[in-house]
Amino acid sequence: MKSEQVYKVGKILKLFSPRRAICSSSTTSQPQLSKPPIHNTFFKSGAKDELVKRLCRDNNFKEAIDILCEQKRLREAIQILDQVDRPSAATYSTLLQLCLQLRALDEGMKVHAHTKTSGFVPGAVISNRILDMYIKCNSLVNAKRLFDEMAERDLCSWNIMISGYAKAGRLQEARKLFDQMTERDNFSWTAMISGYVRHDQHEEALELFRAMQRHENFKCNKFTMSSALAASAAIQSLHLGKEIHGHILRIGLDLDGVVWSALSDMYGKCGSIGEARHIFDKTVDRDVVSWTAMIDRYFKEGRREEGFALFSDLLKSGIWPNEFTFSGVLNACADHAAEELGKQVHGYMTRIGFDLSSFAASTLVHMYTKCGNIKNARRVFNGMPRPDLVSWTSLISGYAQNGQPDEALQFFELLLKSGTQPDHITFVGVLSACTHAGLVDKGLEYFDSIKEKHGLTHTADHYACLIDLLSRSGRLQEAEDIIDKMPMKPDKFLWASLLGGCRIHGNLKLAKRAAEALFEIEPENPATYTTLANIYATAGLWGSVAEVRKVMDARGVVKKPGLSWIEIKREVHVFLVETHPMQNRRKYMRGAEGTKPFLPQRKACSCIWDYFYPSRNNNQGFKNLRTCKIIVRDSNWFHCFEDGNCSCGDY
């Protein structure tokens, strides 16, 4: 027995030899000193290895394994385990803990197998550790097999399995085990409730939460409450959210940061942004996540001034914004065409040294294109070391929207050469560029390549762009044939594109079909009635025009009046029905004859700009309807008016 132990120790020590000699061949027993020794590839040479060798020599295998586990040298530790008779529970526990940390499933299975071959009888603690290792390594099959084999299961065993199933989305198996439990604790309830929330089964989560409240033995903790609040927010039930808020106050969880954050999120998603702000202001330890969430809520509610003001407060608080903060603020600037604010944010990002590879840089490109400043968008894009797909797509769409379709298609070709794979959004920009350049055949070629060359599926947006392309070019019959054969049901954008083409080319029959389809989809939209009435009027069918007006009156549909607006010195000036509240500026808004106190909206924008900035030639205005004037954005495109021509080419 003693000789066997000596043999094992010697075998272990060989593993830690820093150098080994090699025999020349089977014909001689003398080592060839001329050949260089081979370094062991598994073990490092160092003071701790010498210690491990000494420990193994003294049969202190547990301490040797502990040292190797501290160094994260799991494989070497398991090699020592193979030489040890009857390892202790502590040894197995140390190895299993490292397997769990490293998510080393194969090594964990070896340790588990060793417990069986060594005759070790694991108790609940070691079995639970093995169970947890399998769950964390996403091996539910092995976990369930072990769970079924366990002679001794405690509450922890059940909780580990339920949590594992719930996180993996296997909620039926999780609920089955939950219902079989004879004993539960807070973790059991929370694991099941949070599993329902994580996988969008919010009603089930709230039902289970109510069941938990009925058990007097259980006091909900902050994690249970956060999950219940998340479920209420997801179904936008402010009533339930307020009930949970009241329960939080009663059990004394109203000072916890996690709970406050969940409460603020619930009120924000349920549309009660005032309550959300109240909770936010009372939160003591606000981090950048809390700030960003509150700022985004303002923007989503359309309260941009309050969102920007809160962002300013964040900058003064000493907490640094992160990529998500910048992205949210820049997207708000893009949505509201607030370029001056966007430039200030860009300047701040530059001063603190933001990462040009981050998605915040991509949002900068998007912001500038949405604000009509394609030059700055291009400048940011050129500064990115590796532009991502979002940046490429933003620039391509930006060129298309700014009346530069040739540049848009040029950048699409550069995108393909870069090796970046376009997605369906990229092709919407490409097809839009073809539409406004009148490149019908090129557009059809790109449309076909979506599926044939790039392996993508045609979306409703792609078909809407294609119908717009064909309709504007007068190929209305071809457009109608595609509508009848397309794999999905035509949506409102597609029918609106077809109706617009019918207006250009005076196709009454097809216009009536498109309008009837739109009346069914969105009968409250006045644009459909107005466009149809204009088509009838162009054809001289005044009786039909009257009929359309009559239907509008019967359905209570009111045409949205055209308006223009321009932002000067952080103040937005709106021109509605050819008026503006600046009565003391009338001399700048008089007509050519000097008798009318107003001008057409686009001219009014220009005059107001000239009043504030008489030395500047560049002005920028916005319209909710289609128009062409200097640099103006309508609901879809930017129009650059120069030398009597518009960048849209009247297409």
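Which residue follows H20, and is its phi positive or negative?

1. In this predicted model, helix H20 is followed by Gly353, and the phi of that glycine is positive, near 75°.

2. Helix H20 itself covers residues 339–352, and its length can be checked against its geometry: at 1.5 Å a residue, its 14 residues should span 20 Å, and because the C-alpha atoms at its two ends are 20 Å apart, the expected and computed values agree. The expected span is taken as 1.5 Å times one less than the number of residues.

3. As to which parts of H20 are covered, the buried residues of this helix are Glu339, Leu341, Gly342, Val345, His346, Tyr348 and Met349, a list that includes the charged residue Glu339 as well as Leu341 and Val345.

4. Turning to the aromatic side chains, the structure holds 16 aromatic pairs. One of these is formed by Trp392 and Phe411, whose rings lie 6.2 Å apart, centre to centre, with 55° between their planes, so that the pair counts as tilted, a class that lies between stacked, under 30 degrees, and edge-to-face, over 60. The pair links distant parts of the chain, with Trp392 in helix H23 (residues 389–401) and Phe411 in helix H24 (residues 405–417), 19 residues apart.

5. Trp392 and Phe411 are both buried, and they belong to one aromatic cluster together with Phe381 and Tyr399.

6. Two arginines deserve a look for their placement over aromatic rings. Arg153 lies over the face of Phe147, at 4.2 Å from the ring centre, while Arg555 has its charged end over the ring of Phe519, 5.5 Å from the centre of that ring.

Definitions and conventions:
Residues are numbered from 1 along each chain as its sequence is written. This is a predicted model: local features need pLDDT of at least 70, side-chain atom pairs count only at pLDDT 80 or more; totals for chains, interfaces and linings use all residues. Side-chain values use heavy atoms; hydrogens and water are left out. Helices (H or I, at least four residues) and strands (E, at least two) are DSSP runs, numbered from the N terminus. Buried means under 20% relative accessible area, exposed over 50%, partly exposed in between (1.4 Å probe, protein chains only). Rings of Phe, Tyr and Trp (its six-membered ring) pair if their centres lie within 6.5 Å; planes under 30 degrees apart count as stacked, over 60 as edge-to-face and the rest as tilted. A charge sits over a ring if NZ of Lys or CZ of Arg is within 6 Å of the ring centre and within 35 degrees of the ring normal.
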